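Hi,

Here is the structure I promised to pass on. Have a look at it first, and my notes follow underneath.

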Amino acid sequence: MVLSARDQSMPALTRLCETYQGPIKAFFRGAGCSRDYVDDLAQDFLVHILHPDVLKTVDPDRGRFRSFLLVCLRRYWSQVQAHGRTIKKGGGVIHVPLDTGSDRPEFDVAHTGPRPDQAFDVEWGRTVVQRAVRRLEAEAADPVRQRLVSHLLPVLYAKERIETQAELARQLGMTPGAVRIAIHRIRKRLRQLIIEELAATVGAGADLEKELRELRAILAGN
Amino acid sequence: MSEPTDSAHCERCGHPLDAELGGVCPVCALDDAAAAPASPEEDFGAAQLMLDDVPLEGATHARLGNYELREPLGAGGMGVVYKAWQTDLERWVAIKLLPIGSLGMPEARERFRQEALTLAKLRHPNIVSIHDFSERDGQAYLVMEYVEGANLEGRSSECLEAPEKAAACVKAAAEGMQAAHEAGVLHRDLKPSNLLLGADGRVRITDFGTARPIAGQSDLTGPGVLLGTLAYLAPEQLKGGAQTASVRSDVYSLGAVLYRLLTGRAPFVAASPAGVLQQVTRADPPPLTLLNPLVPRDLALICSKCLRKDPRDRYGSARELAEDLGRFLANREIKARPLSCIKRMRRWGQLNPGPATAVLLGAVVVATLGVIGALTLEKQVAAVRARIDAARELAHREELRAYAQQLDEARSAFAANDPDRAQKALDATRTELRGWEYRFLDRPHTGGHRSWQAHEQGVSCLAANADGTRIVSGDWGGNLRVWDADAGRVLLRRRLHPDRIRSVQFSPDGRQLVTGSEVGTICVVDVETGMVLEWIGTQARLNQAAFFGKAGDVLTVNDRGRLELWCAGNRSPPTVVMWRLPGLLALDIHARSEAYACGDAKGRIHVGLVAKETETSADPPEPESSPIAKRTWQAHAAEVMSVAWSPDGAHLASASADGQVRLWNPASGDLARSLRERGGGVRCLAWSADGRSLAAATDDGVLLHWRLEGSAEAQVLSGHQGPIFAVAFLGQQHRLVSGGSDRHLRVWDPSSIAVGETFRKVHASGTIRVRFAHRESWFVAAGPEGELWRQDAETGETNWTVQSTRGRMGGLALTTDDAFVVSGGRAGRIEVRSSTNGALVREFTVGTFPIRALDEHPGGRLVAAGGDDRVVQLLDVESGTVSVQFPVQTARIGRIAFSPDGEYVLSCGPDQRLVAWPIRVTNALAATRVPTAVMDFDVGSGGIVTTIGRQEGAQTWLLPGMKPIARMENIETGFRAVVFAHEGQRLLASDDSGVLRCWDARTGIQLLQLPLPLPGRAVRDLQMSPNDGRLALVGSGGELYLLP
């Protein structure tokens, strides 16, 4: 994805913006910016990063896009702090459509939350899972299966208890065996989707498993 | 199980769950993914969530009484059909529900009830049977027999190979319809998707949603309400609405279904519903056997009998149709017969009442002759062949019309600045039909303006001086550049600021510039030398800086919400004019009244007089009775990005981040006019010097240009790649300059650009003749006083200009190797010049009269010349010797052209008579003439000649005999110029109303029409570049425009 962004193809750029705006905003929120300013900064940052000169520095063999983006964010943030940027008139700001419709509501967090780096990484992990879940939901073909998926997602990783599954089966009007099969299928597909999502952000040769473990550790808070 | 909430936690790891992830614990999900082999290639063959085979029997489904809804089978305007399981009788059924949207509409419910009643009346193996009609929880539903199988929509591929199958299907449907008709019910929406073919091979008719009783009783569709699917409706249903439907309308629809099954397409196909409508009512469908040669003649006859326009010519009932199909299937003689000659004429007469009488008379004569001479077999064969050709021709014309509609859709989409829709329409066109008109619409829409890369970073601001000769631009990196506006040449480069330059402005005398940067620095710069005259460091992030008054004072607005005045001579500290405002973003000063206008981040506008607000100004000069009082009003909901005073100060224009552009009365704060209500944010506004036009730079990458005296519709100028940050008018002219994130400066001449189209004016006036190079992209042109010049068609740059000493040029030609320019003059003078520099190479005299027309022979250095001596002569450019001289004509010669094969030379003059001479025979008897008056003509490949007359319109003829081919349609009077597109299949002409039209030369079908931007609207001449299909238009005032 990074490489294709470097080719300056607009769809790739748009995808990039849609995918990573959450973590980028989380970074700025973590830095204590107000909600409005976060939006502006995120936009300005995207303009900055999508500049060919910056993208040129992306080395596909040099690791993960997450790290690259974080380094850029840090640099950019120090620039902002150094002489300030305004996102106002004449400002050379590309209006990337940041409202992608499914965007979660922006929180106006007082600066008591995680540090910027941490906030960025946590949000990154969430974004990966969220995108995988969205794709999974979209793959459910009809209303019946959509309902099935939405009921089973919260219990995918729950402990297998006979009574829970029996209750679920009753609610869904299925046999407990069918519920188990469905859970297994959904877990498997979600696994594939998460790996697909991650594979898009780690460059060639990068260690997918390492990224998985790191993200897991970040999300778990250790 | 409770819905996951933000407060829930993962049962396994204790991580908080959130609804955004569908209740999935992200930690566990990543854990799970990490546990599996982490290879993206792993088992991705399925690449899809597989739940189809998860046993769902017994699953909870949406229920309606005893029915469990399983999966939707189809949906339409009249309802949604589900496959459902009837629990008590344990069988599959089909349940039709009203769409959610129509639940509250009584007439929809009533229609639904009628459908149930209708179905209940019908019992036939070829009609789906009804089980039940009921209502539960406010949801009415209709339970029908479930047919395992598919509808006929997708079955035509089988029938293409085996027409008998199609016949059998339609026969069964006709039998079913006969039963319905006998029960007094018309279907009125028969189409392939309403005919189900069961696994048992039985056809069943379904969806009686639009059915109505044949006679009397209530009809829920009022008169004129059209129900059903256009392509399968009978013409009388389309003309007269639902009420005019009869048994024979259903027969028509069955015929249309048969047609579809046999050919894979509906009888009438067009790009838009209007096109279908027109065809169904007026045209004949393409002959079946032409589209599918496997269809037996008898079956084609049956089908065409169903599809006849006049209901009386069709089968009288569905039974008759079924019986005839039965006869066909049993290999017996069918009853259908081709429409008799008399009936055909009668029908034609009904469609074309005017000429009918005349033709009737003619027909009587022909018929008499026909009786006298018995037809020989040969003649019959020829007649059949002619009919086949005519059918082919008909199909071709139909395709061309559909193509023209697609092009029109693309053109209007471009005009509405919707390139995506336009591209879609263009992509949908058939490749083999595409010609000049397609390439014209499909060309990259980069705009016919001049543009150049001005900066290495995005252009953030720009300004033009008062006379429009200089442009100054600033970029995101703090660089300033001064440009020669005409040549696009850089005059000065300076890096002034450490960061983005926010604004730049010329001083009133045009000698100095003031720039304001993002980091709060202001520079005053000398325009000529680039020397920084003054440097002021402010303490805030500047949003705009502007000169105020003649003394060199500078006004700024900044992020702290202050409007500050930096007085010349004593820059520090500034005088605060206004403060405590939420981020002032925009500023403009009206120089004459010394009024300021600011826009802030909360969508408000503040106006006032600088002098009145500043205490330092001890004796404020009272500006000439300006009505501007200090005033603030709410102008927009979003940030005000730009404000601009009209030159007379009577209006204030403002633009906001949410794309609004509004005009205000600054004295009262009242809204005078709203020019745009939504769209991409607008960052900059500019007024023309005369105050008649306003331009806006948008984030959408287009410039908007309003002529305020005209309609409120904006002219859209597209070409920038990415947001535009700055726009300015060039001095007193109506040209614009803009710059944006794509680092380019672009100079536009809106007057030379029609909405959505791009015409580039390359010569202001005085062009009388143009000649394109054959192999390269330049042209030579001649003016009225003997000027001759060569211009580059790409850049518009003039390569050379010479002045002929012989005065006005008559005739201009370019040898086919592009080496020499030949021009005619007074007293038979012919000049030959080098095309590289315009130098006179040789000169000779042919006769004594003025030369008025020249053309080069395609084969070499031979030109044809003609003029007031009324003689066409062929002469060698090298030696000047006349090789051929044609006989004297009746009038002087105004225009000459060779046919592309070089075998004929054609000439025409003020007598409006076009003569074609074979060049090898100079006998007067060998000449052929066109029997109409001719204003202009052109010769295309294959010997097609096109002529245009002021009253006669455009026509095409075929050399050598000048046999007429076609007359161009939609042509009114007032045409002057015509030209073939260089591939010879398309014809372009323009009339006095300023519309350029493009036709297919062989059929005369109009493919494209474009409004021309010419003032006065008349076109004197059209020329097409043989090299790249570029079109040149010479306006009545001698303006020269190029179309890329």
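Let me start with one arginine: R131(A) is partly exposed, because its relative accessible area is 28%, which falls between the 20% and 50% cut-offs. Before you go further, keep in mind that this is a predicted model.

**Salt bridges in chain A**

R131(A) has a partner: its side chain meets that of E197(A) in a salt bridge, 2.8 Å from N to O. The two come from distant parts of the chain, with E197(A) in helix α9 (residues 176–199) of chain A and R131(A) in helix α6 (residues 116–139) of chain A, 66 residues apart. Unlike R131(A), which is partly exposed, E197(A) counts as buried, since its relative accessibility is 8%.

Another pair to click on is E211(A) and R66(A), a salt bridge whose closest N and O atoms are 2.9 Å apart. This one also links distant parts of the chain: E211(A) belongs to helix α10 (residues 208–220) of chain A and R66(A) to helix α5 (residues 65–83) of chain A, with their positions 145 residues apart. Here both E211(A) and R66(A) are buried.

**A salt bridge in chain B, and a network in chain A**

Over in chain B, D298(B) and R297(B) form a salt bridge, with 3.7 Å between the closest N and O atoms. How covered are these two? D298(B) is partly exposed, because its relative accessibility is 26%, while R297(B) is exposed, at a relative accessible area of 56%. Back in chain A, R66(A), D121(A), E211(A) and E214(A) are joined into one network by salt bridges that share partners. Over all chains, the search of the whole structure turns up 52 salt bridges.

**Chain A overall**

What is the secondary structure of chain A made of? It has 10 helices and zero strands, so the pattern along the sequence reads α-α-α-α-α-α-α-α-α-α. Of the 222 residues in chain A, 51% are buried. Taking contacts in chain A between residues at least 6 apart in sequence, 72% of them join residues at least 24 apart. The accessible surface of chain A is about 9,800 Å², and carbon and sulfur atoms account for 52% of that.

Now for confidence. The average pLDDT of chain A is 71, and 66% of the residues score at least 70. Within chain A, confidence is highest in α6(A), at 88, and lowest in helix α1 (residues 2–6) of chain A, at a mean of 48. R131(A), from the top of this email, sits in α6(A).

Two stretches of chain A stay under a pLDDT of 50. One is residues 1–10, for which the model has 23 contacts beyond four places in sequence. The other is residues 84–111, with 84 such contacts in the model. Where pLDDT is low, the predicted coordinates should not be read in detail.

**Strands in chain B**

Which strand does β4(B) pair with? Strand β4 (residues 91–97) of chain B runs antiparallel to strand β6 (residues 139–145) of chain B, and the two are paired over five bridges. To find the register, look for A94(B), which stands opposite M144(B) in β6(B). β4(B) is mostly covered, with five of its seven residues buried.

**Cysteines**

There are zero disulfides over all chains. C303(B), for example, is in no disulfide, and the nearest cysteine sulfur, that of C306(B), lies 6.2 Å away. C303(B) counts as buried, because its relative accessibility is 1%. C998(B) is buried too, with a relative accessible area of 1%.

**Two backbone spots in chain B**

Most residues other than glycine have a negative phi. R743(B) has a positive one, near 70°. You'll find R743(B) in the loop between β38 (736–740) and β39 (744–748) of chain B, and at 29% relative accessibility it counts as partly exposed.

R870(B) also has a positive phi, near 65°. R870(B) lies in the loop between β50 (862–867) and β51 (873–876) of chain B, and it is partly exposed, at 34% relative accessibility.

Cheers

Terms used
Residues are numbered from 1 along each chain as its sequence is written. Chains are lettered from A and ligands numbered from 1 in the order in which they are written. This is a predicted model: local features need pLDDT of at least 70, side-chain atom pairs count only at pLDDT 80 or more; totals for chains, interfaces and linings use all residues. Side-chain values use heavy atoms; hydrogens and water are left out. Buried means under 20% relative accessible area, exposed over 50%, partly exposed in between (1.4 Å probe, protein chains only). Helices (H or I, at least four residues) and strands (E, at least two) are DSSP runs, numbered from the N terminus. Two strands pair if DSSP finds at least two bridges between them. A salt bridge is a side-chain nitrogen of Lys or Arg within 4 Å of a carboxyl oxygen of Asp or Glu. A disulfide is a pair of cysteine sulfur atoms within 2.5 Å. Contact means heavy atoms within 4.5 Å. Accessible areas come from the Shrake-Rupley method with a 1.4 Å probe; for residues, only the protein chains shown count as cover. pLDDT is the predictor's confidence in each residue, from 0 to 100.
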